[in-house]
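This briefing introduces a protein structure to a reader who has not met it before. Please look over the sequence and the model before reading the notes that follow.

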Amino acid sequence: MLEFYRISVYNNCMNTTNIVKSIVALAAVAAVALSVNAADNGSVPVTGSVGAKYANQNYYRGGDLGDETLSLSVGLDGKLGGVGVFGDVISSQSIGTDFGDQYYISAGVASTLFENVNVTGGYLHTENEPGVSSGELFVTSSLDVVLSPSVGVNYNPDDELLSYIVGVSHSVEVAELDVTGHACYGDTELTSTTDRAYYLLGVSAGYGLTDTTDLTVAVDYVDPDDTDNETIFSVGINVRF
């Protein structure tokens with residue numbers, strides 16, 4: 001019993017330490033972005049956001065990554081030679097259980113074609129298991145039309161694995177809430193001989209606490225073909241700068 005207590009205390013301490021490290025790292029990235037903005041006096045604007053989100057389940061491309069997670073994120077957007085550039089860092093820590101933490105770092109370019117076709121491309125670094133990481137090239141495209149259809153393709157050149165996702169979404173204003181419904185279908189290759197297909201349905205409601213701060217509550221239903229379906233509840237706060 002004493003040994004179990006020691007292990008529990010150790011795991012909780014490690015989770016707390018990882019969360020603190022992530023907060024410090026993400027805060028440092030945000031601080032650099034703010035300093036660049038201040039130094040440039042707006043001549044080369046860098047915009048972005050910082051956020052935190054709690055979810056009762058953690059799913060990635062239909063795969064179950066554990067219960068109860070706290071996700072911290074920083075996103076940056078800017079212009080370089082007339083082309084949009086972006087970078088995102090997301091860190092997800094398990095709460096209460098030592099299921100492992102996840103890290104996602106992406107960077108790329110973005111452009112608009114024919115006035116209503118949004119295209120992005122870049123590189124995604126993923127770590128879903130401690131010490132095990134992978135890199136992917138990705139391309140996404142979306143249309144500024146009814147239901148905002150989108151498609152995304154990711155390719156892992158090291159393992160020669162392909163993933164894709166297609167989706168739609170629609171937003172309406174209800175009272176002071178920004179309500180968005182979304183649906184998507186995806187398929188991701190796990191190995192050279194196995195894959196996972198899944199679909200997701202969800203709705204979110206966002207409320208503006210201030211001009212730059214939003215609170216969002218969401219419910220998502222995910223149904224993979226290789227495991228049980230699950231309903232995910234989440235709440236998050238996002239600050240733009």
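Does Ser148 count as buried, partly exposed or exposed? Ser148 counts as partly exposed, because its relative accessibility is 30%, a value that lies neither under 20%, the limit for buried, nor over 50%, the limit for exposed. The model discussed here is a predicted one. Its protein chain holds 241 residues, and 31% of them are buried. The secondary structure amounts to one helix and twelve strands.

**Overall architecture**

- Read from the N terminus, the order of elements in the protein chain is α-β-β-β-β-β-β-β-β-β-β-β-β.
- The twelve strands form a closed barrel with antiparallel pairing, in the order β1-β2-β3-β4-β5-β6-β7-β8-β9-β10-β11-β12.
- Within this sheet, neighbouring strands are turned against each other by 20° on average, with direction ignored.
- As a general point, the strands of a sheet pair through backbone hydrogen bonds, in either a parallel or an antiparallel manner.

**Strand pairs and hairpins**

- Strand β4, residues 102-113, pairs with β5 in the antiparallel sense over eleven bridges.
- Ser106 stands opposite Leu124, a residue of β5.
- Strands β8 and β9 run antiparallel and are joined by twelve bridges.
- Ile165 has Gly186 of β9 as its bridge partner.
- Strands β9 and β10 also pair in the antiparallel sense, over 13 bridges.
- Asp187 has Ala197 of β10 as its bridge partner.
- The hairpin that joins β9 to β10 does so through five residues, whereas the hairpin of β8 and β9 has two residues between its strands.

**Residues with a positive phi**

- In general, most residues other than glycine have a negative phi.
- Ser148, although not a glycine, has a positive phi of about 45°.
- Ser148 is located in the loop between β6 and β7, the latter covering residues 150-156.
- Ala175 likewise has a positive phi, near 55°, and is a residue other than glycine.
- Ala175 lies in the loop between β8 and β9, and its positive phi occurs within the hairpin of these two strands.
- Ala175 is exposed because its relative accessible area is 76%, and the limit for this class is over 50%.

**Aromatic pairs**

- The count of aromatic pairs comes to three.
- Tyr60 and Tyr104 have ring centres 4.9 Å apart and ring planes at 35°, so this pair is tilted.
- This pair links distant parts of the chain, since Tyr60 is in strand β1 (residues 47-60) and Tyr104 is in strand β4, 44 residues apart.
- Tyr60 counts as partly exposed because its relative accessibility is 21%, whereas Tyr104 is buried because its relative accessible area is 11%.
- The limit between these two classes is 20% relative accessible area.
- Tyr199 and Tyr221 also form a tilted aromatic pair, with 6.4 Å from centre to centre and 50° between the planes.
- Tyr199 belongs to strand β10 (residues 195-208) and Tyr221 to strand β11 (residues 213-224), so this pair ties together parts that are 22 residues apart in sequence.
- Tyr199 is partly exposed, with a relative accessible area of 34%, and Tyr221 is partly exposed as well, with a value of 27%.

**The second largest pocket**

- In general, empty space left among atoms is shown by rolling a probe the size of a water molecule over them.
- The second largest pocket has a volume of about 620 Å³.
- Its lining consists of 23 residues.
- Nearest the centre of the pocket lie Tyr60, Thr126, Asn128, Ser134 and Leu190.
- Tyr60 therefore appears both in the lining of this pocket and in the tilted pair with Tyr104.
- By residue class, the lining divides into seven nonpolar, nine polar and seven charged residues.
- At least two lining residues come from each of β2 (63-80), β5 (117-129), β6 (132-143), β8 (161-174) and β9 (177-189).
- Strand β6 supplies the largest share of the lining, namely four residues.

Notes:
Residues numbered from 1 in each chain as written. Predicted model: local features only at pLDDT ≥ 70, side-chain atom pairs only at ≥ 80, totals over all residues. Heavy atoms only, no water. 1 Å grid on protein atoms, 1.4 Å probe; cavity = no way out; pocket = protein on both sides within 12 Å on 5 of 7 lines; lining within 4 Å. Points joined across faces, edges and corners; volume = space filled by probe spheres on them. Nonpolar A, V, L, I, M, F, W, Y, C, P; charged D, E, K, R; others polar. Pairing = 2+ DSSP bridges. Axes fitted to C-alpha atoms, helices over the stretch in contact; angles between N-to-C directions. Phe/Tyr/Trp six-rings, centres within 6.5 Å; stacked < 30°, edge-to-face > 60°. Buried < 20%, exposed > 50% of the residue type's maximum accessible area, 1.4 Å probe, protein only.
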